[in-house]
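Me: Please take a close look at a single part of this model and describe how its pieces are packed together.

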Amino acid sequence: MKVLGIVSEARDVNQCIPATQSISKHIKGYSFGELKEAKLVSLGRMEVLGIVSEARELSQAHTAPVMDHSPPFLATYKSLFDGQQAIDTDTEVVECCDLPLIDLSRLNDVLEAAQCKQDIVTAASEWGFFQIVSHGIPDGLLARLREEQVQMFRQPFKQKTSEKLLDFDDDSYRWGTPTATSLKHLSWSEAYHIPLSSSNKPATSSTIRCVIEELSLAMTQLANQLVDTLAEGLGRDGTYMKENCTRNMCYLRLNRYPPCPIPAQVFGLVPHTDSDFLTILCQDEVIGLQLKKGGRWFAVRPNPNTLVINIGDLFQAWSNGLYKSVEHRVMSNPHLERFSVAYFMCPSNETVIESSAQPATYRKFSFGEYRQQVQQDVRRMGHKVGLTRFLA
Ligand SMILES: O=C(O)CCC(=O)C(=O)O
Ligand SMILES: [Fe+2]
């Protein structure tokens, strides 16, 4: 417990560092969340004290004014903060969990392939979430994207809101939740939302452009491979999905969760399910992602060496509820910033989602219809209702 005490001192010291440049970097590559969650009592006392004094030095060196790259959450959403309740997650006991881990290289081994496919189907049915290794996306490519992502978010806030991101769409930069009417609907995060259709425009020579192009090709290949396996598990083939979810229908979202001074009051990303077939998520080492399983919230232990896969609403409907689109959220963190990248596998608006199983749990609907309903619910009620609107 002594170490935890020291860590909390480190945490207080870290609070003084305006840029909050991940204390994880100063605690031997562990984020504070990990230290706390995993109770890494094996860390030597002297080592931790050394880190604390390093943090102190840093705090003194960083007496610069507050960074101008973070969005003005407190000022903009002031009316929501006045007199509102906390989101009340502090009273919940949230356990840490490891997602089922699947080594995709087993798919290429004649002896292992069938079991590997079964593991994917089981994870999609029981968890709606799993993590993968040997996924074919080069580590170097993911690292280059992360570098570019950090640079993009480090631009002054004004520049992010006023400048078009290269030749991507005008409104690709988003922050907070403009539709929020209460604190529980506000997300303390910023994002670049990039439709991959814009990849078809003539490529500029910018690095981010090239990285996104390369990554989206690799992600599409990976998503197709997963979809083939998951469709096979339903006795169907993946052709329908691959034909309708072409790369130019998909999205990439670059997320940043700035440190939040009032973490008990606001989420980093509000609880939601994804409105797609499948999401591929690449997170950093900072804890934050939580998912609901059996009515309880679990914190996903971050593993930057894996990619996280989660089933979206459309797959749940198409599989007649066999695969689960599970509610998830990101907790805000008072000290650490967090980055993630999500690839959303979406079909065209005209694509009709219909289960082949009988009796069907959901009526058939087009993706365009689903999207419109989600937007309408968010506008009118402040939150998404989702698939229950489409019960048969
Ligand atoms: O940042 C994360 O870990 C989750 C992001 C997410 O759920 C989303 O963008 O839909
Ligand atoms: Fe999500």
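Reply: Helix 6 and helix 9 are roughly perpendicular to each other, a label that covers angles of 65 to 115 degrees, whereas those under 35 count as roughly parallel, those over 145 as roughly antiparallel and the rest as oblique. This is a predicted model, in which local features need pLDDT of at least 70 and side-chain atom pairs pLDDT 80 or more, while totals for chains, interfaces and linings use all residues. Residues are numbered from 1 along each chain as its sequence is written, and side-chain values use heavy atoms, without hydrogens and water.

Helix 6 spans residues 113–126 and helix 9 residues 207–232, and the two pack at about 80 degrees with their axes 9 Å apart; axes are lines fitted to C-alpha atoms, for helices over the stretch in contact, and angles run from 0 to 180 degrees between N-to-C directions. Helices (H or I, at least four residues) and strands (E, at least two) are DSSP runs, numbered from the N terminus. Where they meet, Lys117, Ile120, Val121 and Ala124 of helix 6 touch Leu226, Thr229, Leu230 and Glu232 of helix 9, contact meaning heavy atoms within 4.5 Å.

The model also has an open sheet of eight strands in the order 2-3-11-8-13-6-5-4, with mixed pairing; two strands pair if DSSP finds at least two bridges between them. Its edges are strand 2 (101–103) and strand 4 (173–175), each of which pairs on one side only. Helix 6 packs on this sheet, touching strand 2, strand 3 (129–133) and strand 11 (307–311), and helix 9 packs on the sheet as well, with strand 13 (338–345) among the strands that it touches.

Terms used. Chains lettered and ligands numbered in written order.
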